[in-house]
Amino acid sequence: MSRLIDSDRLGEVWITISSNKRRSLLTAFGVFWGMFMLVIMLSMGRGITNGIFSGINSIPQNMCLGFSSQTTIPYAGFRKGRWWRIKESDMEAIRTQIPEIAMVTPMVQGRSVNVSYRDKSSTYRIRGVDGAYSSLMPVNIIEGRYINDLDVKECRKVCVLGKRIVDEIYKGKSPVGSYVMVGGISYQCIGISESSSNNINIGGSEDEMVTMPYTLVQRIYNLGDEIHILLMIGREDMPVKMLEEGVRNVIYSRHQISPEDTKAMEFFNLDQILQVFRALVMGLNILIWIVGLGTLFSGAIGVSNIVMITVKERTTEIGVRRAIGAKPFDIVSQIMSESLVITFVAGLAGLIGGIFTMGFIEKLGDISIGESSIKLVNPSLDFNTAIAAFAVIIIIGLLSGLMPAARAMKIKAIDAIREE
């Protein structure tokens with residue numbers, strides 16, 4: 001390797017490259033741009049990944065959701081395909097019969113309705129919860145307060161508006177204490193909420209939700225004591241799967257559902273959410289590497305073509321060197337050095353340029369990705385990835401010189417003299 005990059009050879013390489021500066025710069029730019037975009041995409045991908053998982057980390061690790069579905073096995077005189085609903089009494093039974101559960105809270109989902117204040121209106125969804133909901137899910141109270149147990153008990157006509165609703169309907173005014181029309185009925189606004197994690201939403205984004213006491217939503221839609229979703233969190237020493245099994249046993253016995261019918265009640269826990277996000281992140285990283293390496297190899301082909309042209313232009317020189325006793329390694333190392341220097345310098349410049357660009361972007365503060373509001377968190381290139389990118393530069397530089405070097409090795413002194 002030392003013979004490949006000694007000072008004399010580097011000086012000779014520099015003379016060859018600088019003899020046609022424009023061609024060398026245009027060739028190097030392809031490698032520079034490929035490495036620059038690879039660093040930018042990898043850094044953005046890491047920032048998106050950090051943004052996703054930073055939101056998930058605000059949710060308790062041993063939390064799960066449970067909701068009813070159709071039965072798939074006939075049982076106790078009932079046919080399969082029977083629809084059933086979770087009741088408030090089921091929630092109370094879970095609390096008393098499963099001591100390992102730390103908290104259980106209900107959710108009742110409503111339909112999309114017209115929400116208006118004076119001459120401004122739009123359509124949003126209704127959701128009913130109790131006072132424990134905000135302690136389980138990532139909810140920030142911007143102003144006022146959230147739904148509490150007294151609101152639920154007295155079925156108060158109050159609501160909490162999402163931040164986007166307030167921005168669109170109130171136009172900068174504070175809604176707390178005012179009365180807003182929801183589905184043609186007047187409710188008092190008691191607070192403004194937003195999600196502290198835009199990556200996890202149940203039934204819709206917190207920013208676009210009208211939240212009410214769940215008992216009020218039951219009354220609005222004449223649901224009786226039905227509950228659509230149960231949010232549960234177990235104690236630290238209880239695995240989520242055991243929690244799900246215990247809840248299923250309690251509810252199945254109350255609704256005469258076969259203990260073997262695992263589809264009659266569906267569960268969704270944080271581990272399943274993490275698996276989905278991990279798969280998405282892996283797919284994103286694979287796509288980034290494919291696109292980035294494709295761009296880099298396109299630049300490498302350009303380098304190879306230019307070095308090939310250089311070899312053709314120097315046919316006489318190479319032939320003379322072969323005639324006076326130059327070893328094959330000397331010819332090959334000269335050509336390989338030229339391609340390696342071009343790709344190394346251009347790739348290193350792209351690597352450094354991408355790192356500095358992402359450092360500047362990071363200093364701008366929180367950046368959201370489109371309407372999804374996924375924030376970039378620490379969008380930088382980690383050390384291992386930087387080393388991998390640096391290794392890619394070296395490999396591409398060597399690969400770019402293979403074909404020109406093979407072409408140079410085929411040049412014979414007699415052929416060079418004939419061409420001259």
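Thr-71, Ile-73, Pro-74, Tyr-75, Phe-78, Arg-79, Arg-82, Gln-256, Ile-257, Ser-258 and Asp-261 line the second largest cavity of this predicted model. About 40 Å³ of space lies inside that cavity, and the structure has two cavities of 30 Å³ or more. From there, this briefing turns to backbone angles, salt bridges, a surface patch and some contacts between distant parts of the chain.

**The second largest cavity**

- The lining of the second largest cavity is a mixture: five of its residues are nonpolar, three are polar and three are charged.
- The nonpolar members include Ile-73, Pro-74 and Tyr-75, while Arg-79, Arg-82 and Asp-261 carry the charged label.
- Gln-256 and Ser-258 are among the polar members of this lining.

**Positive phi angles outside glycine**

- Ala-76 has a phi near 50°, a positive value in a residue that is not glycine.
- You will find Ala-76 in the loop that runs between β1 (63-68) and β2 (86-87).
- With a relative accessible area of 47%, Ala-76 is partly exposed.
- Asn-222 also has a positive phi, near 55°, and is likewise a residue other than glycine.
- The loop between α7 (214-220) and β10 (226-227) is home to Asn-222.
- The relative accessible area of Asn-222 is 70%, so this residue counts as exposed.

**A salt bridge within helix α3**

- The structure holds 11 salt bridges, and a good one to begin with is the pair formed by Arg-95 and Glu-92.
- The closest N and O atoms of Arg-95 and Glu-92 are 2.7 Å apart.
- Arg-95 and Glu-92 sit about one helical turn from each other, because they are three residues apart in helix α3 (residues 88-97).
- Both partners are partly exposed: Arg-95 has a relative accessible area of 37%, and Glu-92 has one of 39%.

**A salt-bridge network**

- Asp-151 and Arg-145 bring their side chains together in a salt bridge, with an N to O distance of 2.7 Å.
- Asp-151 has 0% relative accessibility and therefore counts as buried, whereas Arg-145 is partly exposed at 30%.
- Glu-154 and Arg-156 form another salt bridge, at 3.0 Å from N to O.
- Glu-154 is partly exposed, with a relative accessible area of 46%, and Arg-156 is partly exposed as well, at 27% relative accessibility.
- Through salt bridges that share partners, Arg-145, Asp-151, Glu-154 and Arg-156 are joined into one network.
- That network therefore holds a buried residue, Asp-151, alongside partly exposed ones such as Glu-154.

**A nonpolar patch on the surface**

- Met-282, Ile-286 and Ile-290 make up a nonpolar patch on the surface.
- Together, these three residues have about 320 Å² of accessible area.
- Ile-286 belongs to helix α9, which covers residues 270-313.
- Ile-286 counts as partly exposed, since its relative accessibility is 46%, and a patch residue needs over 30% relative accessible area.

**Residues far apart along the chain**

- Phe-36 is part of helix α2 (residues 21-56).
- Phe-36 is buried, with a relative accessible area of 16%; the cut-off for that label is under 20%.
- The C-alpha atoms of Phe-36 and Gly-354 are separated by 4.9 Å, although their positions lie 318 residues apart along the chain when counted as a separation.
- Tyr-252 has its place in helix α8 (residues 240-255).
- At 3% relative accessibility, Tyr-252 counts as buried.
- Tyr-252 and Asp-90 are 162 residues apart along the chain, and 9.8 Å separates their C-alpha atoms.

Technical notes. Residues numbered from 1 in each chain as written. Predicted model: local features only at pLDDT ≥ 70, side-chain atom pairs only at ≥ 80, totals over all residues. Heavy atoms only, no water. 1 Å grid on protein atoms, 1.4 Å probe; cavity = no way out; pocket = protein on both sides within 12 Å on 5 of 7 lines; lining within 4 Å. Points joined across faces, edges and corners; volume = space filled by probe spheres on them. Patch = residues over 30% accessible without salt bridge, like charges linked within 9 Å, V, L, I, M, F, W, Y side chains within 5 Å. Areas by Shrake-Rupley, 256 points an atom, 1.4 Å probe, with all protein chains shown as cover. Salt bridge = Lys/Arg side-chain N within 4 Å of Asp/Glu carboxyl O. Helix = DSSP H or I, 4+ residues; strand = E, 2+ residues; numbered from the N terminus. Buried < 20%, exposed > 50% of the residue type's maximum accessible area, 1.4 Å probe, protein only.
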